[in-house]
Structure formats: C-alpha cells, structure tokens
Amino acid sequence: MKSLTAYAPAKLNLTLRVGPLQDDGFHPLESLVTLIDFADQVTVTQRDDEAIVVACEKPGVPTDETNLAYRAAELLAETADVKHGVTITLEKRIPPGMGLGGGSSNAATTLMLLNALWDLGYEREQLSQVAALLGSDVSLFLHGPLSVIRGRGEQVTPLDRPLEAAVLLIMPKLHCSTPAVYRAFDEMPAQPPRSELNTILAARGADTLMMQLFNDLEEPAFRIEPRLRELAALIRSRIGVPVLVTGSGAGMFRLCDTEALAQEAADKLIDLNDIQVVVTKTQAAVG
Ligand code: C5P
C-alpha cells in the first residue's frame, strides 16, 4: 500500500495583535508566526475501502471525526470527489491546548500529503481554501517558515526569509480554552500601542527581538488561568528574562541566540514539576 510521511511542525506566535470582536464571532488578528522544528509526524496510507481512519497511540487524542486531520481528509475527498479511503497515522509530540497549533498543523500536513497521494495537483491556494474551512490557523501551516497572518488567521502572507533563532519551549500541564481566552480579552481595556512589524523584523539578536514581541492574548490567558501567570513569573525569576505566551496559551517560549543558551535556561527549570521543557529552533527553511 502506498504511503507518504511528513513532519507537522508546531508554530509560535511571535506577535499577536487582536482587534475587537466582529459580528461573525471572530476577532481580526495580525500575527507574525514562525514554524519550529518541534513537530508531530503524519503518515497517510492508501486503503482498499473508502474509510477514513485516524490512528494515534497517544492517549487523549481523538481518532474520530472530531480530529481535525480526519476532517481535513473528509473535506478534501469531498471537494475533489475522491472515493479512496486512507489511514492517517499521527505520531504526536505537540500537546493540545498549548497555542502551538498541533491539531491545525496535522490537518494542513494531511491536506498536503493527500494532495500528493491522491495525485490531485491542487495549488497551494486551492488547499488554502479547504484549510480555512477547517480552522483559523490551518492555512499558515501550508506555508512557512515565517508568515504574517491576518483576518481570522486564514489570510497568510509568507515572508521571504526565515527568522533564525533557538527556542526555549515551555509546555505546562495547564490547558487554556481558546474561546474562553478570547472572551476574557473582550472584557479587558484596550491594548497598549505595540511595535510595528517592520521594526520587529529589523531587530538584531534574540534578546532585542524578545523585547519587541507581544501577545494581546497573554493577559487574558493569565486571567482565566492564574497558575499560568504564576508559572511565567517563576520561570522569569529562574532564567532572569521573561517568556511569552504563544497563541491563546498555555505554551510559552523564549527565543535565544544559540541552542546552548536555550539549554542553559532549560537546565535552570529542570526541577519544576508539571511542565515539559524542550530546546528546539525556528524552522530555517520550508519543511
Ligand atoms: O477557528 P478556530 O476553531 O481556531 O477558533 C476557535 C475559537 O476561537 C472561535 O470559535 C472563536 O471563539 C475564537 N477565535 C476568535 N477570533 C479568531 C480566531 C478564533 O475569536 N481570529
């Protein structure tokens, strides 16, 4: 049986500016997003029947039609009038509820793999239209490594060069519900003025860059999950510099100039319970 495999990377929102709630129930965004090397792996395998089957050994990952990779396959099959079944095998490392886009990335990678497996010949723009129906931040994973996303998150402008940095990635055993974080955002006063994207892209060195980065959903995430605020403060006191929440949380990160520096910071967190700390890097080339 023919089979194809690819990595499905996590993302970090380096900036996240959120506008006021619109009539459609969504908030307009502008976010500078990088893909990172920390990734799941997706394999699609042809089947004899017409079934779509998701296989995942990680406990807690749904394998039914609520899995976004399942819905990606279903929607693409419907759109392209494909009758073949497929088994989608997910090797998960990216935890859910972390603002790292794991589920969205799995869905986008599934679309790209099935485009090849089913020989559809869809352009990225066509896949992007399918992706936008699956979720706000699925489309960005069809591009990479560095993009600006706007609208709900589905309008993607890829930038022509990556932003290369080592990453200290912190994944707490806390869960932030995206709709709840947005609701908390709605109850907050207006956000302070933020650095412009051009200023941020011109910054040299990870420490200078970190000072420019921001996330309008960080404070709302801290409000709905006060333990996340406490954890961010504790990490800051340990490593001497702040970390930033990605997406609607609960994941946090710090960019560093080298992996050795990121590892040095990680070593200072080694005894903390209930967090997973990973040293990785931003994606340097289209994965
Ligand atoms: O599109 P997605 O399923 O990722 O969005 C989950 C929820 O997050 C939405 O139902 C909405 O409440 C909120 N959201 C938002 N504005 C966005 C993206 C998501 O309010 N731009």
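This report walks through the ligand site, one helix and one buried asparagine of the structure above. The model is predicted, so please read every value here as computed from that model.

**The ligand site**

Let's start with the ligand, which takes up the space of the largest pocket. Around the ligand you will find Gly25, Phe26, His27, Leu29, Ser136, Arg152, Thr178 and Tyr182. Three polar contacts are listed here, two from side chains and one from the backbone.

| Residue | Protein atom | Ligand atom | Distance |
|---|---|---|---|
| Histidine 27 | polar side-chain atom | oxygen | 2.6 Å |
| Serine 136 | side-chain N or O | oxygen | 2.5 Å |
| Arginine 152 | backbone N or O | nitrogen | 3.0 Å |

On its own, the ligand has 450 Å² of accessible area, and the protein covers 70% of it.

**Helix H2**

Next comes helix H2, which runs over residues 102–117. How far apart are its end C-alpha atoms? They are 22 Å apart, and this agrees with the expected span because 16 residues at 1.5 Å a residue should also give 22 Å. H2 is mostly covered, with 13 of its 16 residues buried. Just after H2, aspartate 119 adopts a positive phi of about 55°.

**Asparagine 13**

Finally, have a look at asparagine 13, which lies in strand E1 (residues 3–13). Is asparagine 13 buried or exposed? Its relative accessibility is 4%, and since buried means under 20%, asparagine 13 counts as buried. Phenylalanine 26, one of the residues around the ligand, is 13 residues away from asparagine 13 in sequence, and their C-alpha atoms are 18 Å apart in space.

Notes: Residues are numbered from 1 along each chain as its sequence is written. This is a predicted model: local features need pLDDT of at least 70, side-chain atom pairs count only at pLDDT 80 or more; totals for chains, interfaces and linings use all residues. Side-chain values use heavy atoms; hydrogens and water are left out. Helices (H or I, at least four residues) and strands (E, at least two) are DSSP runs, numbered from the N terminus. The expected span of a helix is 1.5 Å times one less than its number of residues. Buried means under 20% relative accessible area, exposed over 50%, partly exposed in between (1.4 Å probe, protein chains only). A residue is near a molecule or strand if one of its heavy atoms lies within 4 Å of it. A polar contact is a pair of N or O atoms within 3.5 Å; within protein, one must be able to donate a hydrogen and the other to accept it, and residues adjacent in sequence count only if both atoms are side-chain atoms. Accessible areas come from the Shrake-Rupley method with a 1.4 Å probe; for residues, only the protein chains shown count as cover. On a 1 Å grid over the protein atoms alone, a cavity is a set of points where a 1.4 Å probe fits but cannot get out, and a pocket is an open set with protein on both sides within 12 Å along at least five of seven lines; lining residues have an atom within 4 Å of a point. A molecule sits in a cavity or pocket if more than half of its atoms lie within 2 Å of its grid points.
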